[in-house]
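Here is a short tour of a protein model, written to be read with the structure open beside you. Take a look first, and then we can walk through it piece by piece.

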Amino acid sequence: FLLCLPIFTYKVEGNFILRSDEVSFLTAPFDSYIRNVNFRPGDSVTNGAVLHQLNTDELVLQEAGAIADQARYLREMEKARAANTLAEMRIAQSLADQAKARLELIRYRIEQSSIKAAFAGVITEGDLRQRIGAPVKQGEPLLKVARTDALYVEAEVNERDVHEILKKSEAQIAFVAQPKLKFPVQITRIEEAAFPKDQENVFLVRCALTGPPEA
């Protein structure tokens, strides 16, 4: 008696997301207004690229005032030195130092007004095009930039299927926008514990890209 059974290919499927090991969160360095925006989410950026700029009109006025104050106090200090009035000279010198410190802070903020990318990557969050001219508060998150050379795949596999991939190392991913275009990946780690999602339990599976990221 010979029993012939067909062999079926069983595919384990799950949702995935691309993540990066290195992400930069860019925040507003001081209270201001958004002057212009050069990039939007999905755009690739180079190291040091100016992503957007904050308004510096008020800072420029403060800079001019600090320069004038420093020059005035320095003149007063010289007059006091010439008149040999030590107490007035020290007061003027102290005020000049304060004006200098204020000037350095103002210029530092003017330099910070150009928000730059800390490394080459892609903008993943923060569409500021509709906020040009809008106010921002110091510390407010504005953009999120991820390194593209440190990408990995984080997939969710149902607990009923996870045993099927325990000894597997190869997989494929496809994006919703291009389901027929598949990319090979290597399974590198399966989390030890599942977590509930949408009334099911899923395991997180980490995969590495087998080559440099496609454009």
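## A loop with unusual backbone angles

Let us begin in the loop between S13 and S14, where Asp 198 is found. This model is predicted, so the angles and distances in this report are all computed from it. Asp 198 has a positive phi of about 55 degrees, although it is not a glycine. Most residues other than glycine have a negative phi. With a relative accessible area of 66%, Asp 198 is exposed, because the cut-off for that class is over 50%.

Gln 199 also lies in the loop between S13 and S14. Its phi is positive too, at about 65 degrees, and Gln 199 is not a glycine either. Is Gln 199 buried or exposed? At 86% relative accessibility, Gln 199 counts as exposed.

## Salt bridges across the chain

How many salt bridges does the structure hold? There are 16. Side chains of opposite charge can pair when their charged atoms come close. One of these pairs is Lys 144 with Glu 125, whose side chains meet at 3.5 Å, N to O. Lys 144 lies in strand S9 (residues 141-146) and Glu 125 in strand S7 (residues 121-125), so the salt bridge ties together parts that are 19 residues apart in sequence. Glu 125 is partly exposed, at 43% relative accessibility.

Another salt bridge joins the side chains of Lys 197 and Glu 156, at 2.8 Å from N to O. This pair links distant parts of the chain, with Lys 197 in strand S13 (residues 195-197) and Glu 156 in strand S10 (residues 151-158), 41 residues apart. Is Glu 156 buried or exposed? Glu 156 is buried, with a relative accessible area of 17%, because buried means under 20%. Its partner Lys 197 is partly exposed, at 33%.

Arg 189 and Glu 191 form a salt bridge as well, their closest N and O atoms being 3.3 Å apart. Arg 189 is partly exposed at 41% relative accessibility, and Glu 191 is partly exposed with a relative accessible area of 33%. Elsewhere, salt bridges that share partners join Glu 22, Arg 147 and Asp 149 into one network.

## Two nonpolar cores

In soluble globular proteins, nonpolar side chains tend to be buried together. The largest nonpolar core of this model has 22 residues, and Val 45, Leu 51 and Val 145 touch the most other members. Which elements give two or more residues to this core? They are strand S3 (32-37), strand S5 (50-54), helix H1 (57-82), helix H2 (86-112) and S9. The largest share, 3 residues, comes from S9.

Val 145 is a good residue to click on. Leaving out residues up to four places away in sequence, its contacts include Val 45 and Leu 51, along with Leu 26, Phe 119, Val 122 and Ile 123. Glu 22 is also among the residues that Val 145 touches, and Glu 22 belongs to the salt-bridge network with Arg 147 and Asp 149. A second, separate core has 12 residues, among them Ala 155, Ile 173, Phe 203 and Val 205.

## The largest pocket

The largest pocket has a volume of about 880 Å³. Its lining is made up of 26 residues, and those nearest its centre are Val 12, Glu 13, Gly 14, Ala 171 and Gln 172. By class, the lining has 16 nonpolar, 4 polar and 6 charged residues.

Which strands each supply at least two residues of this lining? They are S10, strand S11 (170-175), strand S12 (178-190) and strand S14 (200-209). S11 gives the largest share, 6 residues.

## Glu 170 in strand S11

A last stop is Glu 170, which has its place in strand S11. Glu 170 is exposed, with a relative accessible area of 62%. Apart from its neighbours within four places in sequence, Glu 170 is in contact with Val 185, Gln 186 and Ile 187.

To get a feel for distances in the model, pick Glu 170 and Glu 111. From C-alpha to C-alpha they are 48 Å apart in space, and they are 59 residues apart in sequence.

Note on methods:
Residues numbered from 1 in each chain as written. Predicted model: local features only at pLDDT ≥ 70, side-chain atom pairs only at ≥ 80, totals over all residues. Heavy atoms only, no water. Salt bridge = Lys/Arg side-chain N within 4 Å of Asp/Glu carboxyl O. Helix = DSSP H or I, 4+ residues; strand = E, 2+ residues; numbered from the N terminus. Buried < 20%, exposed > 50% of the residue type's maximum accessible area, 1.4 Å probe, protein only. Core = buried A, V, L, I, M, F, W, Y, C linked by side-chain atoms within 4.5 Å. Contact = heavy atoms within 4.5 Å. 1 Å grid on protein atoms, 1.4 Å probe; cavity = no way out; pocket = protein on both sides within 12 Å on 5 of 7 lines; lining within 4 Å. Points joined across faces, edges and corners; volume = space filled by probe spheres on them. Nonpolar A, V, L, I, M, F, W, Y, C, P; charged D, E, K, R; others polar.
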